[in-house]
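Student: I have a model open and want to work through one of its sheets. Can we take it step by step?

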Amino acid sequence: MEKMNHFLMGRELLLSELNEDFLKEGNGITSNGFIEVGQQQTCRRCGSNQLKDRQAAPCTCGKNCFYCIRCLQMGKIKRCSTLYHVPEKNQFISIKEPILTWQGQLSQQQALASKEIETTIKTGQTRLIWAVAGAGKTEMLFKGIEWAIRSGKRVCIASPRTDVCLELAPRLKSAFQQVEQITLYGEMEGGYNYTQLVIATTHQLMRFREAFDVLIIDEIDAFPFDTDKALQFAAQKAKKTTGTIIYLSATPNKQMRQDIAQKKLTASVLPARYHGFALPEPKAIWAGDWRKSILKRHKKAVIFKEIQRLLQANRRFLVFVPNIELMLEFSCCLTEFFPNSSFTSVSSEDEQRKEKVQKMRDESYQFMLTTTILERGVTFRDIDVLVLGAEDRTFTEAALIQIAGRVGRHRDFPTGEVRYLHYGQTKALKNAITQIKKMNKLARERGLLIGK
């Protein structure tokens with residue numbers, strides 16, 4: 001029974017997610033799948049009370065039943081469903097010292113942010129870490145996590161992107177070698193274990209209830225967390241009422257920036273990268289009707305000249321394309337024009353995505369075509385970046401800033417080129433360049449840059 005309590009502790013699950021042993025004991029707290037809030041039927045798991053998020057269906061309960069389609073991917077929750085919950089009791093095994101096994105050194109701005117994070121965790125407050133891509137956000141968290149773990153608190157680091165979680169997991173395991181951890185995502189292999197340190201996609205937070213003393217959400221501006229109220233609801237539900245929440249972002253949205261200005265939100269702003277070199281500032285390059293150039297195979301078009309220039313310079317690079325269909329067409333074109341080059345393409349629909357990205361890290365490819373799936377959460381040693389069709393609405397201000405942030409991340413290779421190839425500059429494109437320049441200016445004013 002103790003094992004089953006641990007399985008459910010801090011979580012809220014459907015009957016279908018439990019085994020018979022738990023049901024025989026009946027030791028958990030039960031609640032209805034839908035609750036009435038302000039005379040509205042509200043899904044307890046995702047918080048949706050919208051009629052458009054409900055689907056009527058025949059049910060064995062014999063009543064006018066319906067289920068929530070907003071969080072259907074996490075399992076069907078009906079009006080008559082029962083959710084099972086065991087309150088979080090922080091029943092962890094003792095951990096041998098040292099808890100933090102990371103031996104690295106923090107930069108001046110990282111050290112300051114690290115102290116602010118630790119104070120925020122100790123006082124149970126909320127804080128935004130607004131740090132440019134490559135600032136070393138993960139390392140800044142270590143001291144705060146160490147204090148929380150030593151104090152017997154439960155910690156979760158969540159991200160909207162599975163790729164980000166998978167990259168974070170080994171780094172955290174290396175930094176906290178004695179601490180048992182689990183990584184939760186949709187296609188994970190193996191079952192759930194109760195651990196003090198959890199890495200999870202924000203979707204997985206829907207299965208938790210008042211579980212975490214410290215909840216850290218990375219990439220809060222990333223799709224779908226930035227626009228999905230269900231995920232935002234789940235995050236608040238997963239955190240204990242007295243717990244800490246820390247947001248991480250290189251590109252906080254307009255509302256958050258206003259809250260900072262109006263002192264409604266406490267923030268640590270880090271305008272410099274951990275290695276002290278300036279952010280590569282993108283150049284906007286007129287590419288004409290690039291779609292036509294691809295379809296008509298215009299080899300002298302700007303986009304192909306840019307590819308050829310980088311290949312001749314023996315540079316490795318990423319090419320971001322607005323959508324999968326265009327990427328595949330562009331890939332065929334490049335195979336025809338550059339038959340001796342080694343490249344591949346990746347997207348969210350590519351089952352070999354993880355393997356291909358690793359091969360790019362291993363420098364098996366000269367370049368890679370990608371959708372916005374690689375705009376964040378991945379690091380390559382020494383690359384340049386081209387954005388094809390930077391005027392496309394797919395490339396928001398945040399996306400363009402994140403894409404530029406793929407360049408110059410490594411201490412030994414802190415520079416590189418970022419080129420936005422466009423058929424007319426958009427507000428998002430102009431704002432992205434302006435924002436990057438502002439951060440470089442702020443970093444210079446604070447004396448944080450060592451490079452030119």
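Student: What is the order of the strands in the open sheet of six strands?

Tutor: Keep in mind that this is a predicted model. The pairing in this sheet is parallel. Strand S15 (283-286) and strand S17 (343-346) are the edge strands, each pairing on one side only. Read across, the order is S15-S20-S19-S16-S18-S17.

Student: How much are neighbouring strands of this sheet turned against each other on average?

Tutor: Direction is ignored for this angle. The average is 20°.

Student: In S19, which residue is the bridge partner of Phe-317?

Tutor: Strand S16 (residues 317-320) and strand S19 (residues 384-388) run parallel, joined by four bridges. Phe-317 is paired in S19 with Asp-384.

Student: And which residue in S20 stands opposite Leu-386?

Tutor: S19 and S20 also run parallel, with four bridges between them. Opposite Leu-386 stands Arg-419.

Student: Which residues of S19 point the other way from Asp-384, Leu-386 and Leu-388?

Tutor: In a regular strand, side chains alternate between the two faces of the sheet. Five of the five residues in S19 are buried, meaning under 20% relative accessible area. Asp-384, Leu-386 and Leu-388 point one way; the other way point Val-385 and Val-387.

Student: At about what angle to S19 does helix H9 run?

Tutor: Helix H9 (residues 302-312) lies across S15, S16, S18, S19 and S20. Its angle to S19 is about 170°.

Student: Which helix joins S19 and S20 in a β-α-β unit, and what is the hand of that unit?

Tutor: Helix H12 (residues 397-404) lies across S16, S19 and S20, at about 140° to S20. S19, H12 and S20 make a β-α-β unit that is right-handed.

Note on methods: Residues numbered from 1 in each chain as written. Predicted model: local features only at pLDDT ≥ 70, side-chain atom pairs only at ≥ 80, totals over all residues. Heavy atoms only, no water. Pairing = 2+ DSSP bridges. Helix = DSSP H or I, 4+ residues; strand = E, 2+ residues; numbered from the N terminus. Axes fitted to C-alpha atoms, helices over the stretch in contact; angles between N-to-C directions. Contact = heavy atoms within 4.5 Å. Buried < 20%, exposed > 50% of the residue type's maximum accessible area, 1.4 Å probe, protein only. Right-handed = clockwise from strand over helix to strand, strands pointing away.
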